[in-house]
4 protein chains.
Amino acid sequence: MIKAAILGATGYAGIELTRILSAHPEVKLEILGSQSFDGQPISEVYGNFEHVLDMNCEKLDIDKAAQCDVAFTALPHGASKDVIPSLIEKGLKVIDLSGDFRYDDIKVYEKWYGQEHSAPELLKESVYGLPELYRDRIKDARLIGNPGCYTTCSILGAYPLLASGIAKSDNIIVDAKSGVTGAGRGLGLAYHFCECTENTKAYKVATHRHTSEIEQELSKAAGEEVIISFTPHLIPQKRGILSTIYINLNKKCETEELVELYKEFYKGEYFIRVKEAGKLPETKHVAGSNFVDIGMVVDTRLNRAVIVSAIDNIYKGAAGQAVQNMNIMFGLDEKTGIANAGFYL
Amino acid sequence: MIKAAILGATGYAGIELTRILSAHPEVKLEILGSQSFDGQPISEVYGNFEHVLDMNCEKLDIDKAAQCDVAFTALPHGASKDVIPSLIEKGLKVIDLSGDFRYDDIKVYEKWYGQEHSAPELLKESVYGLPELYRDRIKDARLIGNPGCYTTCSILGAYPLLASGIAKSDNIIVDAKSGVTGAGRGLGLAYHFCECTENTKAYKVATHRHTSEIEQELSKAAGEEVIISFTPHLIPQKRGILSTIYINLNKKCETEELVELYKEFYKGEYFIRVKEAGKLPETKHVAGSNFVDIGMVVDTRLNRAVIVSAIDNIYKGAAGQAVQNMNIMFGLDEKTGIANAGFYL
Amino acid sequence: MIKAAILGATGYAGIELTRILSAHPEVKLEILGSQSFDGQPISEVYGNFEHVLDMNCEKLDIDKAAQCDVAFTALPHGASKDVIPSLIEKGLKVIDLSGDFRYDDIKVYEKWYGQEHSAPELLKESVYGLPELYRDRIKDARLIGNPGCYTTCSILGAYPLLASGIAKSDNIIVDAKSGVTGAGRGLGLAYHFCECTENTKAYKVATHRHTSEIEQELSKAAGEEVIISFTPHLIPQKRGILSTIYINLNKKCETEELVELYKEFYKGEYFIRVKEAGKLPETKHVAGSNFVDIGMVVDTRLNRAVIVSAIDNIYKGAAGQAVQNMNIMFGLDEKTGIANAGFYL
Amino acid sequence: MIKAAILGATGYAGIELTRILSAHPEVKLEILGSQSFDGQPISEVYGNFEHVLDMNCEKLDIDKAAQCDVAFTALPHGASKDVIPSLIEKGLKVIDLSGDFRYDDIKVYEKWYGQEHSAPELLKESVYGLPELYRDRIKDARLIGNPGCYTTCSILGAYPLLASGIAKSDNIIVDAKSGVTGAGRGLGLAYHFCECTENTKAYKVATHRHTSEIEQELSKAAGEEVIISFTPHLIPQKRGILSTIYINLNKKCETEELVELYKEFYKGEYFIRVKEAGKLPETKHVAGSNFVDIGMVVDTRLNRAVIVSAIDNIYKGAAGQAVQNMNIMFGLDEKTGIANAGFYL
């Protein structure tokens, strides 16, 4: 059994990790780290765990953590990067859910996060945890920068087309809609029920940090620097991200051809479901699961592809993908514990 | 492996059964019965199943069904009772989710359902599938009348107090609030999003069929005929029932004593979670799980107990409980495949 | 024109008052009082007011307020009672939305609010602002204790039956469900979108302060002391309260007779809509309006009336009723500015 | 008083018209036309109208309608165009909410609607009812093609920039999100509460009819043919459309300059609220009102404007705009009866 610690277990990503790992057949949860709820049973913080998981939250104790095989760090940006070097030194594998270890170029990180990076050496060795693109490198990694929610959805939606040579790399627009769990459990007037329900809005237009992560990966796909417009929106639901991606084509192409191209690119990927021409993703098909649904339409009037991708932001966009990475790092079947269908209802 | 057929797989209860059984370690799903979607892949009807379950829906074929060990019948009331005798005859165990086999007294059925019963002999042998009360009889049953959603929540909430001898059996009020999945997937203006959201209403006041089921069981608990007020309400959420139950006491009692009484009554029951004094159930703690949360307050001014019970109406109130019954009937650990924590998010 | 001040204009009740009064044909809004947003345009705090209302929020200045004719105090309990004597002294009429001036008996207030009353003399002269019951006294009042949301809904639902002589006054149960605006705009984990949506729960069972207000009025209706069970619930919608009220009858009665009794009692009341037998209220019919919908069913098996009443908690349950009181106090048609149909959508 | 008929009064646009007109100080509602509810009181179809509007629905009778001054036709596409010539002939002014009279070029209509136009002569004289652009022509029109919901939001959001000469007219993307009232009251599985809630999806990508309407107007703004990508999405709320519009610029420009350009363009327009740089629209600010909120960000990395516009789809996107047109046609102050702030809550 893999002994696992979750640091930051009581935020929304952390508790989804707890939910998945507490039912994972190859994992023994050893530590539920939480500053705020130190000493409290997890079932008092989240009533759904009563009778299921009999563990207390606890403050971080590096020596105790040292007995684990893997740590998931779901801490605020900056906080995790102080803890992670100690964990690595103790021999743990670390899967970090913050933005700290997702970048190839430290300058990009420092520009978009507005702070110096505290562990540049580790950043160099860390691997970007998108299994569908970097599975081989994840296998041997000690430290994973687990991708953001918007980025997982948007990169996987756009990558095959950009890698195909038939896309133009200017004029790429990613218009993304996210459920409210993406904002975390912290209090804020914007997340009050009466302010969120019956409301949709755009925010951080042209400045959201995930822009830089998407650009990093799409540039690699295209083999040239790609700069995109990325617009996040908040929509009145808990789970789910839908990215609508606009990419101009440099040659005529039918929807069916594009679907084939995607199917070929993602051949054998359990978690990627490419929709047939005429069908499009809905967030309700992926909620509660690790799936990425991708559909597309070629607007032949404009020679432009409209690609729609959907994930569950706290599952494939955070906790589920972290477990997928863990499975790969420990030589398990990648689907272990996360192969389930979504809730639908 | 237990070979299972679900008849009526594409309604909301049926699809939740499909979701649970497709991940059940001891079950092989053989048949997804559906009149309306005959020949279609289940993943076209419910997109969340793509890559997870590669089966087609099919019309009922009794000879094919005969090769199964168990059938779950999630058909409209009346429809299932024509099919069930054939299945029983073929040697299957049957777990029926309709109201047809839930009654001790055929007259009560015929009065509340307004129709003659077509299989009175089977009704006699059928067992009421509430494991926390009838586990021993369920073990050997061929035919289970799986309880309704309101009834599971209300009976389990009220039973211990009525069985204790400290309750008065007149003036029992059950005020229940249900999510919209309880109404099923059929179309109706009342279930249009714009009509349901931001709306709460009572319906079928004093006439809802589940009244008779609750009365049947509470009468047995009390050892005398119990007639209750039962008021169902529709609330704007998908999953969840909350029953608020008012019962007068025939002696002084503190909340803590009542909590103890419930804990004692349900000792060892994994799926029942009795809340400590000062805490109360919320539907979000049980959504997506087979748990029943029960909390209570004694109003000492009035010598009246207010008991609040919560379940997920399509899980413990339908599909999950059906699987719990199957587990018992086939000698498995009762929790197999349904031990998980709820979604919370 | 009536010159009006709203103290506490940026809470949910305050902003609904602002919305109603800014469109009222006989009112000139003079002051939008707010500690937190002093100096800010109201349209920055609530974007819906841009182009409609060009006023800044301001801290309380009694001398400035003295130039108004009426003040609406929508301040936290306790806060308003320090301000109100000064306003009264300056000659304003005051409509207070807190619980401070709703009680006939100061001891009841002090028991349920857990604090000494700071203006006992004013409490004596204040009038309970339920126009359908106390219109005549409201006309000449200087100070109105505007009723709470749960209480308006529950009292108006139960009063006619209790006043009729055919009700038993023991065993009265009020099971009420409220939208989240009832909790106000303050931050709290319980009101986070992800915690509220898809969730229903009971709270403050047997201890909610509105219990005492309902008992005060129903005791007057019945002509004897009435003690009730009152259970508030939080449901996932913004606006709306539905009270389901259970009252035993001391003689046989059909639903139609009860409907007649209610129609007679509320004859000529524009804001009370008694539903015909067979129809029941829904919160969506009253949202955004000052109406009270009341429907009923007599459960002839039990000789018990089940009465369902619905209001919009921040309209008839707070702001709209306050305006109704103002209209009466200033000799206007009671419906002025609040006669509109609800939103429905 | 203007005597008004609403044909198709019981759909969602029709009932919002009924709500607005029943409170309009210069209108007398004469006819509530409805095939389905002929003879029924409107308050039985929509309970919010009880005590407010005492009218019965009725089938269309052209002779009776002839006594009105204006007819609002909120009928399915095609249905209205048979009725409208008769109404015009009788001397009524007609405001048609279908797509039938919105086109300059009959061929565009016939291509996107897939049917022959039955009243080509009337189409020639009809005026596109977007007051902020065509006020002068609306004044004297007999027949108004009231714009669609997506189109009102998108055209008003993009027009000033396209008219300014600093926009490039290729690569225009309109990514729009709509609440469910936009789909109307008809039944459909996609609009079942349990299918809509917690779900977001794109639909009719590159093929939605409103594309042609937006292109028609933006081409006029740009002075050249404009072809756009338009992607509608369904989001889980009742009211509201948010359009996120991407337009490349042909010269460097700061957000503040663009804001100024919009403020200048819409100077004096009560219903247009251009947000200051740093602020963006939210659907909750416009719900229940006739306002159009427009905010923008220039992405200086890309020299691209991202414009966000928001309306209430059944108010400014249907019923409210129809009343605005009526006000203009009858010489009233354009704001009469529709000047109110949105609900916010």
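## How the two copies are related

To compare copies of a chain, they are superposed by least squares on the C-alpha atoms of residues with pLDDT of at least 70 in both. In this predicted model, chain A lands on chain D after a rotation of 180° with 0.0 Å of shift along the axis, and the RMSD is 0.0 Å. The two copies are therefore related as by a two-fold rotation axis.

If you would like to find that axis in the structure, look for Pro236(A): of the C-alpha atoms in chain A, that of Pro236(A) is nearest to the axis, 3.2 Å from it. Both copies also use the same surface, as 100% of the contact residues of chain A recur in chain D.

## The extent of the contact

How many residues does each chain bring to the contact? Chain A gives 48 residues and chain D gives 48 residues. Between them, the two chains bury about 4000 Å², with 50% of this area on carbon and sulfur atoms.

Three residues are worth picking out on the chain A side. Glu198(A), Thr200(A) and Arg301(A) provide 16% of the area that chain A buries against chain D, more than any other three residues.

## Charged and polar pairs

Chain A and chain D are joined by 6 salt bridges. One of them pairs Lys177(A) with Asp175(D), whose closest N and O atoms lie 3.0 Å apart. There are also 40 residue pairs in polar contact between the two chains, counting pairs with both residues at pLDDT 80 or more.

What classes of residue does chain A present to chain D? The side of chain A that touches chain D has 23 nonpolar, 12 polar and 13 charged residues.

How values were computed:
Residues are numbered from 1 along each chain as its sequence is written. Chains are lettered from A and ligands numbered from 1 in the order in which they are written. This is a predicted model: local features need pLDDT of at least 70, side-chain atom pairs count only at pLDDT 80 or more; totals for chains, interfaces and linings use all residues. Side-chain values use heavy atoms; hydrogens and water are left out. Contact means heavy atoms within 4.5 Å. Buried area is the accessible area (1.4 Å probe) that two parts lose on being put together, summed over both. A salt bridge is a side-chain nitrogen of Lys or Arg within 4 Å of a carboxyl oxygen of Asp or Glu. A polar contact is a pair of N or O atoms within 3.5 Å; within protein, one must be able to donate a hydrogen and the other to accept it, and residues adjacent in sequence count only if both atoms are side-chain atoms. Ala, Val, Leu, Ile, Met, Phe, Trp, Tyr, Cys and Pro count as nonpolar, Asp, Glu, Lys and Arg as charged, and the others, Gly among them, as polar.
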